[in-house]
Amino acid sequence: MRYKVVDFHCDALCKMQLDPKLDFGQDRKLDVSLKTMTQGGVMLQCFAIFVSQSLGKPQIGHILEQIDIFHQKVVTKGISPIRTAEDIVSLEQTGGRGGILSIEGADGLEANMFYVRLCYERGVRFLGLTWNFSNWAADGIMEVRNGGFTPQGVELVKVCNELGITLDVSHLSQKGFWELVELATESGRPFIASHSNAYQVCAHARNLRNEQIKAIISLDGRIGLTFVPWFVKEGKHPSSKDLLLHIEHICSLGGEHTLMFGSDFDGIETYLSDLKHSGDYARWVETLLIHYPENLVRQWLYGNAVSFLKIWLP
């Protein structure tokens, strides 16, 4: 495929943890597989480590098991593990496919900074501080009290900054978001929203308000627009064309260099009508090219994400 794609969020590891029989090579039960990545031109996929509620209280063992699944089932299929900026350069030169690890929700780190360092050593480079609710570090976006960071959460931010783990605010509370803006301004290290859309276009709690979008832009962070139908449009049968409104809105706020994509494939059971697995990126590229110049499309698919990684990966 002519156009390279970076996708900043999928939950394939969680699916494979819950169903060990799944084959990353080409299993149809996976939205993201080697087969669909190849079909869609996905050069780099961020694999989230999300501990399913069905497993009980999240623990470090759950996280380490998914890291092992990544190495045993994904890397062995020819997906190169990406840990450093040099790895990105090498991937571009070889034309291969890569995978990078993130953690979605700090719960399973058990407030233990040794576990944070251990996960870093095992290749984790992004951390979503919360899922929807509260944990030991901060409140999630669905937590009614809208609390911010705990003292342990502030320590977690500092440790991640020291190690080179980039923070992800896609599920973080409003108060937590603005506290992190202050911490990021002090440290000079930006953060990302790996899979969030624009609240002004679709008023879902998980989407970003205008001031949040402007803050991420000002910090030179990144926003991964997501394909979750109810984050794209209220009502029935949304398609990828409805996602164009989110692109327009974020660009109107000055975010054309901030945009990337974070599908949330394998984390959803209903889909946009024409974006159901990573192979459909090929179709999404065609749609984008109808509406936007090729140089912008390349930025959003690949360039913005890779430029960020080259700066902020170790």
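The legends below go with a set of close-up views of this predicted model.

**View 1. Helix α11 packs against helix α12.**
Here are two helices that follow one another in the numbering: α11 covers residues 281-291 and α12 covers residues 294-312. Their axes lie 9 Å apart and make an angle of about 140°. The two helices are therefore oblique to each other, and α11 passes α12 in a right-handed crossing. Which residues meet here? From α11 come Val285, Leu288 and Leu289, and from α12 come Glu294, Val297 and Leu301. Sorted by class, this contact has five nonpolar residues, one charged residue and no polar ones.

**View 2. Helix α10 meets helix α11.**
Stay with α11 and turn to its contact with α10, the helix of residues 240-252. The axes of α10 and α11 come within 11 Å and cross at roughly 50°, which makes α10 oblique to α11. The crossing of α10 past α11 is right-handed. On the α10 side, the contact is made by Ser240, Lys241, Leu243, Leu244 and Ile247. On the α11 side, look for Trp284, Thr287, Leu288 and His291. The classes in the contact of α10 with α11 are five nonpolar, three polar and one charged. Leu288 is worth finding in both views: it is listed in the contact with α12 and again in the contact with α10.

**View 3. Strands β1, β2 and β4 pair side by side.**
Strand β1 (residues 5-10) pairs with strand β2 (residues 42-49) in the parallel sense, over four bridges. Two of the partners help you find the register: Val6 is bridged to Leu44 of β2, and Asp7 is bridged to Gln45 of β2. β2 also pairs with β4, again in the parallel sense, over six bridges. In that pairing, Ala48 stands opposite Ser102 of β4. Are these strands covered or open? β1 is mostly covered, with six of its six residues buried. β2 is mostly covered too, with eight of its eight residues buried.

**View 4. Helix α8 and its buried residues.**
Helix α8 takes in residues 210-218, and its buried residues are Gln212, Ile213, Ala215, Ile216 and Ile217. A handy reminder for this view: an α-helix has 3.6 residues a turn, so residues three or four places apart point the same way. What do the buried residues of α8 pack against? Their partners are two helices, α7 (174-187) and α10, and two strands, β7 (192-193) and β8 (222-225). Just after α8 comes Asp220, with a positive phi of about 60°.

**View 5. Positive phi at Ala111 and Asp264.**
Most residues other than glycine have a negative phi. Ala111 is not a glycine, yet its phi is positive, at about 60°. Ala111 sits in the loop between β4 (97-104) and α5 (113-121). With a relative accessibility of 27%, Ala111 counts as partly exposed. Asp264 also has a positive phi, near 70°. The place to look for Asp264 is the loop between β9 (259-261) and α11. Is Asp264 buried or exposed? Its relative accessible area is 8%, and since buried means under 20%, Asp264 is buried.

**View 6. Arg122 and its surroundings.**
Arg122 lies in the loop between α5 and β5 (124-128). Its relative accessible area is 27%, so Arg122 is partly exposed. Setting aside neighbours within four places in sequence, Arg122 is in contact with Ile67, Asp68, His71, Arg83 and Leu101. One of these, His71, is 51 residues from Arg122 in sequence, with 9.8 Å between their C-alpha atoms.

**View 7. Trp131 and its contacts.**
Our last stop is Trp131, in the loop between β5 and α6 (151-163). This tryptophan has a relative accessible area of 24% and is partly exposed. Which residues does Trp131 touch, not counting those up to four places away in sequence? They are Phe50, Gln53, Glu104, Gly105, Gly140, Ile141 and His171. For a sense of scale, Gly148 is 17 residues from Trp131 along the chain, and their C-alpha atoms are separated by 14 Å.

Key: Residues numbered from 1 in each chain as written. Predicted model: local features only at pLDDT ≥ 70, side-chain atom pairs only at ≥ 80, totals over all residues. Heavy atoms only, no water. Axes fitted to C-alpha atoms, helices over the stretch in contact; angles between N-to-C directions. Parallel < 35°, antiparallel > 145°, perpendicular 65-115°, else oblique. Left-handed = near helix turned anticlockwise from the far one by under 90°. Contact = heavy atoms within 4.5 Å. Nonpolar A, V, L, I, M, F, W, Y, C, P; charged D, E, K, R; others polar. Buried < 20%, exposed > 50% of the residue type's maximum accessible area, 1.4 Å probe, protein only. Pairing = 2+ DSSP bridges.
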